[in-house]
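Dear colleague,

Please find below the structure that I am handing over to you. My findings follow directly after it.

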Amino acid sequence: MKYALSALAGATALAISLIAGPAIAEDEGIVVYNAQHENLTKVWAEGFTKETGIKVTVRNGGDSDFSNQIIAEGTASPADVFLTENSPAMALVEAAGLFAPVDTETLAQVPQEYQPASGKWVGVAARSTVFAYNKTKLTADQLPKSLLDLADPSWKGRWAASPSGADFQAIVSALLQLKGEAATAEWLKAMKENFTAYKGNSTVMKAVNAGEVEGGVIYHYYYYGDQAKTGENSKNVELHYFKHQDPGAFVSVSGGGVLASSKHPKEAQAFLKWVTGNGGQDVLKTGDSFEYAVGKGAESNPKLVPLADLQAPKVDATTLNSKKVTDLMTAAGLL
């Protein structure tokens, strides 16, 4: 398909598939394996199609499911683009040698801290780790000063997380990189003793809100998303930002990459350029995903604590080791 606007191609042509199963490459346009929020990528795809006339077929799934599927499909994958919520899935596909280099013009739109040095993928959004706490149960002086404090026996039975999710595993990946394997294994062992497991970050926040636990480790946008609706699942919740380069201040980068096997590389690269450019990043400012914009000069939703104020630790996204993390979490009895 030619990358040009025409009267016939000007209308939005977006096909959504809700099942991440085996797929046949589209005759026209691009196929996106999407592990990002479905609504966010839908808006991205519609905006890109409206501006360029290029059709986008979105197949929705999870970070680890898609990364493993891409590796299994290899050069036969029908996907042109892979979008994730967290970077370990991107690192896994990159390590398998399945990404094409991102166009230099696209890389130039995103600061270095939100992309790997290899240039094989690029950040498209970001999210901050937070400690969501019940404000009727805890006061500011009672909050943990570090993520590591949650290993203390005094926190037994008082906090929650969703260990089976890619979100929490990305946080543990950062802990592993920052503190090493021995410290991470020790923290996970203590976590097993202290925490309550829930499935999904939104469920963790609901439990905090209901007073089932005093706090929970989640990403920031669950709170803001609920507040923007009815607030019924967060009315008793406040967010605590660890800051001070603490592992609990980890900012996870959502990534986008073009598959080396793409049959539509020009269009795939154009999509990634659009998402990281003004059009795609403005969706993060004005939309309801409440994720951080990462493009140069891009503004995030004004309700969010500015990225620069989070005092996040420096983490090399390319070395976030998802397999080692799942091994350690399995050994600790968390998976």
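In this predicted model, Asn134 counts as buried because its relative accessibility is 1%, and buried means under 20%. Asn134 belongs to strand 5, which spans residues 122-134. A polar atom of the Asn134 side chain lies 2.8 Å from the backbone oxygen of Val208. Apart from neighbours within four places in sequence, the residues in contact with Asn134 are Val208, Asn209, Gly211, Val213, Glu214 and Asn236.

The second region to report is strand 2, residues 30-34. Strand 2 is mostly covered, with five of its five residues buried. In a regular strand, side chains alternate between the two faces of the sheet. In strand 2 both faces are covered: Ile30, Val32 and Asn34 are buried on one side, and Val31 and Tyr33 are buried on the other.

Strand 2 also pairs with two further strands, described here in turn. Strand 3 (residues 56-60) runs parallel to strand 2 and is joined to it by five bridges; within this pairing, Val31 has Thr57 of strand 3 as its bridge partner. Strand 4 (residues 81-83) likewise pairs with strand 2 in the parallel sense, over three bridges, and Leu83 of strand 4 is the bridge partner of Asn34.

Finally, helix 1 (residues 38-52) forms a right-handed β-α-β unit together with strand 2 and strand 3.

With kind regards

Technical notes
Residues are numbered from 1 along each chain as its sequence is written. This is a predicted model: local features need pLDDT of at least 70, side-chain atom pairs count only at pLDDT 80 or more; totals for chains, interfaces and linings use all residues. Side-chain values use heavy atoms; hydrogens and water are left out. Helices (H or I, at least four residues) and strands (E, at least two) are DSSP runs, numbered from the N terminus. Buried means under 20% relative accessible area, exposed over 50%, partly exposed in between (1.4 Å probe, protein chains only). A polar contact is a pair of N or O atoms within 3.5 Å; within protein, one must be able to donate a hydrogen and the other to accept it, and residues adjacent in sequence count only if both atoms are side-chain atoms. Contact means heavy atoms within 4.5 Å. Two strands pair if DSSP finds at least two bridges between them. A crossover is right-handed if, with the strands pointing away from the viewer, the path from the first strand over the helix to the second runs clockwise.
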